[in-house]
Amino acid sequence: MFKTLKEDIQTVFAKDPAAKNILEVILCYPGLHAIWFHRIAHWFYKKKWYTIARIISHISRHITDIEIHPGAKIGKRFFIDHGMGVVIGETAEIGDDVLIYQGVVLGGTSLEKKKRHPTVGNNVVIGAGAIILGPVMIGAGVRVGAGSVVVNDVPCGATVVGVPGRVGLGFSPEEIQALDHGKLPDPIPDAIRFVMKELEKLEERIKKLETLEGITKHIDEQIEKKRKEIENTFFNKGKVEFNEGGGI
């Protein structure tokens with residue numbers, strides 16, 4: 001028991017550079033208090049003393065502003081930083097060395113009495129305000145960006161950003177060790193950049209073909225004529241109407 005408590009305190013120092021001393025950690029870290037309350041509640045839950053387990057969980061919620069259902073299974077060295085608004089559902093399973101921030105929800109998507117909450121692997125970081133819904137599997141070493149909504153399985157070592165969550169890769173082992181979860185690669189901008197590069201290549205090829213066929217000048221004249229038509233339709237005419245009161 002004392003070994004576990006010591007490990008919990010060491011975890012705070014390892015994952016929060018703001019921690020100054022042991023007394024501060026014991027008295028002022030609601031994430032740590034919530035885990036301690038949960039361990040007691042979970043013990044009663046396994047003994048099928050459900051009401052006592054829920055009462056302890058309820059007291060913990062009021063003291064820490066963190067709601068962990070007593071049925072949730074939580075591994076070693078789990079840490080909730082700040083903690084305000086964190087919700088962890090009954091059938092959620094969390095591995096070892098997991099770090100989550102304020103506002104995280106591990107929620108369910110079914111009214112049936114079955115596995116309906118996420119399973120989170122080892123060494124996962126879940127950013128502030130992220131929501132993970134349903135019995136999805138979050139692989140080991142995953143980084144979930146702040147504010148993301150995850151509704152599908154995430155492979156090991158991946159990153160997830162956006163609403164709904166988009167999976168991308170890009171973390172080196174050094175970045176994972178340094179907890180550089182603020183540097184999250186976003187697959188959407190990467191895809192747009194790829195399309196723009198391909199478009200530039202196509203434009204260059206078209207210009208070469210136009211030069212070979214001697215039609216560049218003709219096409220440029222057509223484009224310029226069309227541009228003037230658009231300006232006359234949408235700019236010059238509207239300006240006159242507005243000046244004469246026609247646009248009011």
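This is a short tour of one structure, stop by stop, with a suggestion at each stop of what to select and what to look for there. Keep in mind throughout that the model is predicted.

**Stop 1: a patch on the surface**

Begin by selecting Phe-13, Ile-22, Leu-23, Ile-26 and Leu-27, which together make a nonpolar surface patch of about 460 Å². If you then colour helix 2, residues 22-28, you will see the element that gives the patch its largest share, namely four residues. Leu-27 is found in helix 2, and with a relative accessibility of 55% Leu-27 counts as exposed, because the cut-off for that word is over 50%.

**Stop 2: a cavity inside**

Next, turn to the interior, where the count comes to one cavity of 30 Å³ or more; the volume of the largest cavity is about 40 Å³. To find this place, select the residues that line the largest cavity, which are Ala-34, Phe-37, His-38, Ala-41, Ile-56, Ser-57, Ser-60, Ile-66 and Ile-68. Which helices each supply at least two residues of this lining? They are helix 3 (30-46) and helix 4 (50-64), and the largest share, four residues, comes from helix 3. Sorted by class, the lining of the largest cavity holds six nonpolar and three polar residues, while no charged residues take part.

**Stop 3: two loops with a positive phi**

Now select Asp-97, which is found in the loop between strand 5 (93-94) and strand 6 (99-100). Although Asp-97 is not a glycine, its phi is positive, at about 60 degrees, and with 27% relative accessibility Asp-97 counts as partly exposed.

From there, move on to Asn-123, in the loop between strand 8 (119-120) and strand 9 (125-126). Asn-123 is likewise not a glycine and has a positive phi of about 60 degrees, and its relative accessible area of 34% makes Asn-123 partly exposed.

**Stop 4: a buried alanine**

Select Ala-158, which lies in the loop between strand 13 (149-150) and strand 14 (159-161). Is Ala-158 buried or exposed? Its relative accessibility is 0%, so Ala-158 counts as buried. If you add Ala-140 to the selection and draw a line between the two C-alpha atoms, the separation is 8.7 Å, although the two residues are 18 residues apart along the chain.

**Stop 5: charged pairs**

Side chains of opposite charge can pair when their charged atoms come close. In this model the count comes to eight salt bridges, and a few of them are worth selecting in turn.

Start with Glu-67 and Arg-61, whose side chains meet in a salt bridge at 3.5 Å, N to O. Glu-67 is partly exposed, with a relative accessible area of 29%, and Arg-61 also counts as partly exposed, at 41%.

Continue with Arg-116 and Glu-90, where the salt bridge has an N to O distance of 2.6 Å. Arg-116 lies in the loop between strand 7 (105-107) and strand 8, and Glu-90 lies in the loop between strand 4 (87-88) and strand 5, so this pair ties together parts that are 26 residues apart in sequence. Arg-116 is buried, with a relative accessible area of 17%, whereas Glu-90, at 22% relative accessibility, counts as partly exposed.

Then select Lys-114 and Glu-112, which meet in a salt bridge at 3.7 Å, N to O; Lys-114 counts as partly exposed, at 43% relative accessibility. To finish, select Glu-7, Arg-77 and Asp-97 together, since salt bridges that share partners join these residues into one network.

Notes: Residues numbered from 1 in each chain as written. Predicted model: local features only at pLDDT ≥ 70, side-chain atom pairs only at ≥ 80, totals over all residues. Heavy atoms only, no water. Patch = residues over 30% accessible without salt bridge, like charges linked within 9 Å, V, L, I, M, F, W, Y side chains within 5 Å. Areas by Shrake-Rupley, 256 points an atom, 1.4 Å probe, with all protein chains shown as cover. Salt bridge = Lys/Arg side-chain N within 4 Å of Asp/Glu carboxyl O. Buried < 20%, exposed > 50% of the residue type's maximum accessible area, 1.4 Å probe, protein only. 1 Å grid on protein atoms, 1.4 Å probe; cavity = no way out; pocket = protein on both sides within 12 Å on 5 of 7 lines; lining within 4 Å. Points joined across faces, edges and corners; volume = space filled by probe spheres on them. Nonpolar A, V, L, I, M, F, W, Y, C, P; charged D, E, K, R; others polar.
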